[in-house]
Amino acid sequence: DTLINQIAAGEVVERPASVVKELVENALDAGARRIDIDLEEGGVRLIRIRDDGAGIAADELPLAVSRHATSKIASLDDLEGVATLGFRGEALPSIASVSRFALMSRRIDSEHGAALDVDGGRVGAVAPKPHPQGTTVEVRDLFFNVPARRKFLKAERTELSHIEEWLRQLALARPDVELRVSHNGKPSRRWKGEGSALMETGLSEARLHEALGEEFARNALRVDHEGAGLRLHGWIGQPAYNRASADQQYLYVNGRAVRDRSIAHAVKQAYADVLFHGRQPAYVLFLELDPRRVDVNVHPAKHEVRFRDARLIHDFVYRTLQGALAETRAG
Ligand code: ADP
Ligand code: MG
């Protein structure tokens, strides 16, 4: 079983940033309002994620680290309209098979917390342990038992910057959640939560500011357009802020950060047709649509999606941005 989990880990766990992603997404699925992320040595030595979410009952801790046990999907129908971020029940067992892993938690209705250690895939026994409401996952010495994988990890700085980039991506979409990051014992970043229920996902100028800088925020055109059951909203950089590289392009589909060539092409084309050829637009764009019109289950890392009507979506994005940009030029 450990071997199967390690093989799965080959797909799910590429580097510390992928561990952070899986654990933070679990915390979000559990309804966390605040997530603390402590890292050591770029996450290779330690990744500790603590959340204030729903928690896990003591007797369910072993289930959480066993393969294909997910609490998030009850039927095949659920797979169609997945709203949660994870649904394969693979992340924890995979991560635990290639690290020294500990899971600690307390549910709001439990008086006591409990902990479970997994050492390179060997699952220990559940033991009582004081813990505030919520969950802490500790991942130490990633790939300690898979030297071939460990060898491919990059310098501390590089691994840390992958983590930071992913967190920036997340922070833009989830301004309602507070994120605190520390590295090697020092606070390194704090994304303050703007936690009002009125907050619409992905609509925070303050976060935009924090994530992409003042200059972008000043030169960004606000876009918000609906049609054909689609909504595209967010910001696109105007000519005063254009870039030679494609490093500030954030696209979210139903709140999930994705890479999609077709949409990226539509954005770039609209930008080029109205404004500039040969420059890269910077953007933060959110596309919302009926989850049944998009398959998020293409790859375990879930950066890619497949649309039922890709052509229509491409054209919608193109026309929306083309129109918005043309208007600013005319005015
Ligand atoms: P998935 O997220 O695909 O269900 P995971 O392996 O990531 O699978 O997690 C397994 C299960 O452990 C989840 O379905 C959930 O029930 C539980 N779990 C994991 N992390 C947390 C957390 N931070 N808070 C509450 N429950 C969690
Ligand atoms: Mg998960």
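Visitor: Let's start with helices α7 and α8. How do I read the way they pack, and at what angle do they cross?

Guide: The general idea is to compare the N-to-C directions of the two axes. This is a predicted model, and in it helix α7 (residues 156–173) and helix α8 (residues 205–212) cross at roughly 165°, with axes that come within 9 Å. Angles over 145 degrees count as roughly antiparallel, so that is how α7 and α8 run relative to each other. The handedness of this crossing is left-handed.

Visitor: Which residues make the contact between α7 and α8?

Guide: On the α7 side, look at R168, A171 and L172; on the α8 side, pick out R207, L208 and A211.

Visitor: What about α10 and α11, what is the angle there?

Guide: Same recipe. Helix α10 (residues 261–274) packs on helix α11 (residues 310–330) at about 25°, and their axes are 8 Å apart. Angles under 35 degrees count as roughly parallel, which makes α10 roughly parallel to α11. This pair has a right-handed crossing.

Visitor: Which residues of α10 and α11 meet?

Guide: Quite a list. From α10 there are S262, I263, A266, V267, Q269, A270, Y271, D273 and V274. Facing them in α11 are A310, I313, H314, V317, Y318, L321, Q322, L325, A326 and R329.

Visitor: Now the nonpolar core. Which residues touch the most other members of the largest one?

Guide: The background first: in soluble globular proteins, nonpolar side chains tend to be buried together. Here the largest nonpolar core holds 82 residues, and I95, L103 and V267 touch the most other members. At least three residues of this core come from each of domain 1 (2–191) and domain 2 (205–330). You've met V267 already, among the α10 residues that meet α11.

Visitor: And L103, what is in contact with it beyond its neighbours within four places in sequence?

Guide: With those neighbours set aside, L103 is in contact with L61, A64, V65, A115, L116 and V137.

Visitor: Back to the domains: how far apart are the C-alpha centres of domain 1 and domain 2?

Guide: Those centres lie 29 Å apart. The division itself puts residues 2–191 in domain 1 and 205–330 in domain 2.

Visitor: To zoom out, how many helices and strands are there, and what share of the residues is buried?

Guide: The protein has 11 helices and 16 strands. Of its 331 residues, 38% are buried. As for contacts with a separation of 6 or more, 69% join residues 24 or more positions apart.

How values were computed: Residues numbered from 1 in each chain as written. Chains lettered and ligands numbered in written order. Predicted model: local features only at pLDDT ≥ 70, side-chain atom pairs only at ≥ 80, totals over all residues. Helix = DSSP H or I, 4+ residues; strand = E, 2+ residues; numbered from the N terminus. Buried ≥ 20, exposed ≤ 12 C-beta atoms within 10 Å, placed from the backbone. Contact = placed C-beta atoms within 7 Å. Core = buried A, V, L, I, M, F, W, Y, C linked by C-beta atoms within 7 Å. Domains from an automatic or database assignment. Axes fitted to C-alpha atoms, helices over the stretch in contact; angles between N-to-C directions. Parallel < 35°, antiparallel > 145°, perpendicular 65-115°, else oblique. Left-handed = near helix turned anticlockwise from the far one by under 90°.
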